[in-house]
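Got your viewer open and a selection tool ready? Let's walk through this one stop at a time.

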Amino acid sequence: MTSEPEAVFYFDLGSPYAYLAAERIGRLFDEAGGAQPEWQPILLGGLFKRFGRDSWANGPGRAEGMKEVERRAEAYGLPPIRWPDPWPGNTLVAMRTATFAKEIGRTVSFSLAAFRQAFAAGRDLSDPDNVFIAAAASELHPRALRTAIVRDAIKDRLRAATDGAADLGVRGVPSVVVAGRVFWGDDRLEQAVEAAAG
């Protein structure tokens, strides 16, 4: 019988704030001496639909939000942000790939490779070729991947994960859920780590 993870990190590969959190979360949990969180891909678009919201990237705060992401990346010592064109794009194939990667124990390696493709290299994850580059970097077999991303089981798993996250009160990404508490936002990552360690 497997025990429930102490913390679950919910993300969508199209979110630059989720990228910022993904680059830091492993180190922060290590430094706190806690078990690593489970990484759970979900569809941000599904949360928007459920909660009647839209991305800040489609609103008047877009330019300001992009500058803030760039500022944080610099503060965290990450490479300068290179924005994919278009952004935001359609991450469905990328998120199905992340779901397949989770199935075979490669969520973290694939997701970090894909995030870096998007926000460090500026490559559009709407283009399956860019997703496959990230998949190759994390040793996902291309033929197995092509079969997996059209499987109903993978589509259903991603949909169920998104619905399950929404049921827990996850309204956006990045979110970390610790013992039923939702910590939403890159700026709440340290609080989530503290709650998990405590």
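**Stop one: a helix residue**

Start by selecting Thr-147, which sits in helix α7, residues 142-148; helices here are DSSP runs of H or I with at least four residues, strands are runs of E with at least two, and both are numbered from the N terminus. Before you click on, note that this is a predicted model, where local features need pLDDT of at least 70, side-chain atom pairs count only at pLDDT 80 or more, and totals for chains, interfaces and linings use all residues. Residues are numbered from 1 along each chain as its sequence is written, and side-chain values use heavy atoms, with hydrogens and water left out.

Is Thr-147 buried or exposed? Neither, quite: Thr-147 counts as partly exposed because its relative accessibility is 47% (buried is under 20% relative accessible area, exposed is over 50%, partly exposed is in between, using a 1.4 Å probe and protein chains only). Now add Pro-80 to the selection and draw a distance. From C-alpha to C-alpha, Thr-147 and Pro-80 are 35 Å apart in space, with their positions 67 residues apart in sequence.

**Stop two: two cis bonds**

Next, move to the loop between α3 (62-75) and α4 (92-103), where you'll find Pro-86. Pro-88 is in the loop between α3 and α4 too. Look at the backbone just before each proline. The peptide bond from Asp-85 to Pro-86 is cis, with omega near 5 degrees. Trp-87 and Pro-88 are also joined by a cis peptide bond, this one with omega of about -5 degrees. Most residues other than glycine have a negative phi, and most peptide bonds are trans.

**Stop three: a positive phi in a loop**

Slide along to Glu-139, in the loop between α6 (128-137) and α7. Glu-139 is not a glycine, yet its phi is positive, at about 60 degrees. Turn on the surface here: Glu-139 counts as exposed because its relative accessible area is 63%.

**Stop four: the hairpin**

Now select residues 175-178 (strand β3) and 181-184 (strand β4), which pair in the antiparallel sense over four bridges; two strands pair if DSSP finds at least two bridges between them. Pick out Val-176 and you'll see Phe-183 of β4 opposite. What do β3 and β4 form? They form a hairpin, with two residues between them. Ala-179 is in the loop between these strands, and its phi is near 50 degrees, another positive value in a residue other than glycine. Ala-179 is exposed because its relative accessibility reaches 77%.

**Last stop: zoom out**

Clear the selection and color by secondary structure. The chain has nine helices and four strands, in the order β-α-β-α-α-α-α-α-α-α-β-β-α along the sequence. Its radius of gyration is 16 Å, close to the 16 Å that the globule rule gives for 198 residues, so the chain is as compact as a globular protein of that length (the radius is taken over C-alpha atoms, and the rule is 2.2 Å times the number of residues to the power 0.38). Along the principal axes, the C-alpha atoms fill a box of roughly 45 × 45 × 35 Å.

Color by burial next: buried residues make up 46% of the 198 residues. Of the contacts (heavy atoms within 4.5 Å) with a separation of 6 or more, 73% come from residues 24 or more positions apart.
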